[in-house]
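Subject: Structure handover

Hello,

The structure we discussed is below. My notes on what was found in it follow.

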Amino acid sequence: MINITIPTPDVTITKKVNPQESNIYGFTEFHLITRELGGIFMFYNDKDELLFVGKARKLRPRIKKHFEDAVSPIRMHRDEVTKIEVCIVEDPVHREIYETYIINEGKAKYNEDKVFFKQA
C-alpha cells in the first residue's frame with residue numbers, strides 16, 4: 001500500500017457574509033493565493049465536506065476561473081463553496097498524484113475525472 005501524506009494548506013480563504021469589499025461569490029481574499037506558483041486546491045462547503053479538488057500551474061487564475069467559467073464542474077454549485085484551501089506543489093507529477101489521491105480519499109462530490117470510488 002502506498003502511503004501519501006496530503007500537504008498542509010499554505011493558504012485558506014473563507015467566504016464572507018455580505019462583504020463590503022469587492023468579491024467573487026463572497027470571497028474577498030484571492031490576493032492571498034499566489035498568482036505565479038502551481039499547486040492543488042480544494043473547495044469545501046459549510047459542513048467541511050470536500051466538494052472539488054483541482055490542480056494548476058498558476059493557482060489564483062485557475063481558481064478564479066472556476067467561479068467565472070461556464071464549463072466548470074462546479075458551475076451549478078458555486079454558492080455552496082465556503083472555504084478554499086491551497087497547497088503549493090511545484091512538481092507537476094506530484095500535483096497529479098495529490099489531486100487524484102485527494103479526490104478519491106476525500107470522495108470529492110463534484111469531481112468527474114479521476115474518480116475511482118462509487119458516487120453515492
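To start with a term: a nonpolar core here is a set of buried Ala, Val, Leu, Ile, Met, Phe, Trp, Tyr and Cys residues joined through side-chain atoms within 4.5 Å. Buried means under 20% relative accessible area. Please keep in mind that this is a predicted model.

The cores

The largest nonpolar core has 19 residues, and the members that touch the most others are Phe30, Phe43, Ile63, Phe67 and Ile84. Two or more residues of this core come from each of β1 (11–14), β2 (39–44), β3 (50–56), α1 (59–66) and β4 (83–88). With three residues, β3 gives the most.

Ile63 shows how this core is put together. Beyond its neighbours within four places in sequence, Ile63 is in contact with Phe30, Ile33, Phe41, Phe43, Ile84 and Val86.

There is also a second, separate core, which has 13 residues. Among them are Ile40, Met42, Tyr44 and Val89.

In a regular strand, side chains alternate between the two faces of the sheet. With that in mind, compare the β2 residues in the two lists: Phe41 and Phe43 are contacts of Ile63, while Ile40, Met42 and Tyr44 are in the second core.

The strands

β4 pairs with two strands. β1 and β4 run antiparallel and are joined by four bridges, with Thr12 opposite Glu85 of β4. β2 is also antiparallel to β4, and the two pair over six bridges. In that pairing, Phe43 has Ile84 as its bridge partner in β4. Both residues also belong to the group that touches the most other members of the largest core. Five of the six residues of β4 are buried, so this strand is largely enclosed by the rest of the structure.

β2 also pairs with β3, again in the antiparallel sense, over six bridges. Here the bridge partner of Phe43 is Phe52 in β3. Phe43 therefore has a bridge partner in β4, namely Ile84, and another in β3, namely Phe52. As for burial, six of the seven residues of β3 are buried, so β3 is largely enclosed by the rest of the structure.The hairpin and the positive phi angles

β2 and β3 form a hairpin with five residues between them. Asp48 lies in the loop between these strands, and Asp48 has a positive phi of about 65 degrees although it is not a glycine. Is Asp48 buried or exposed? The answer falls between the two: Asp48 is partly exposed, with a relative accessible area of 47%.

Lys114 is another non-glycine residue with a positive phi, at about 65 degrees. Lys114 is placed in the segment after α2 (92–105) and is partly exposed, with a relative accessible area of 24%.

The salt bridges

How many salt bridges does the structure hold? There are nine. Some of them are described here.

- Glu29 and Lys16: the side chains meet with an N to O distance of 3.6 Å. Both residues are in the loop between β1 and β2, 13 residues apart. Glu29 is partly exposed at 24% relative accessible area, and Lys16 is partly exposed at 31%.
- Glu36 and Lys58: the side chains meet with an N to O distance of 3.7 Å. Glu36 is in the loop between β1 and β2 and Lys58 is in the loop between β3 and α1, 22 residues apart. Lys58 counts as partly exposed, at 42% relative accessibility.
- Lys114 and Glu99: the closest N and O atoms are 2.5 Å apart. Lys114 lies in the segment after α2 and Glu99 in helix α2, so the pair ties together parts that are 15 residues apart in sequence. Glu99 is buried, with a relative accessible area of 7%.

The pair of Lys114 and Glu99 also belongs to a network of salt bridges, in which Lys55, Glu96, Glu99 and Lys114 are linked.

Regards

Notes. Residues are numbered from 1 along each chain as its sequence is written. This is a predicted model: local features need pLDDT of at least 70, side-chain atom pairs count only at pLDDT 80 or more; totals for chains, interfaces and linings use all residues. Side-chain values use heavy atoms; hydrogens and water are left out. Buried means under 20% relative accessible area, exposed over 50%, partly exposed in between (1.4 Å probe, protein chains only). Contact means heavy atoms within 4.5 Å. Two strands pair if DSSP finds at least two bridges between them. A salt bridge is a side-chain nitrogen of Lys or Arg within 4 Å of a carboxyl oxygen of Asp or Glu.
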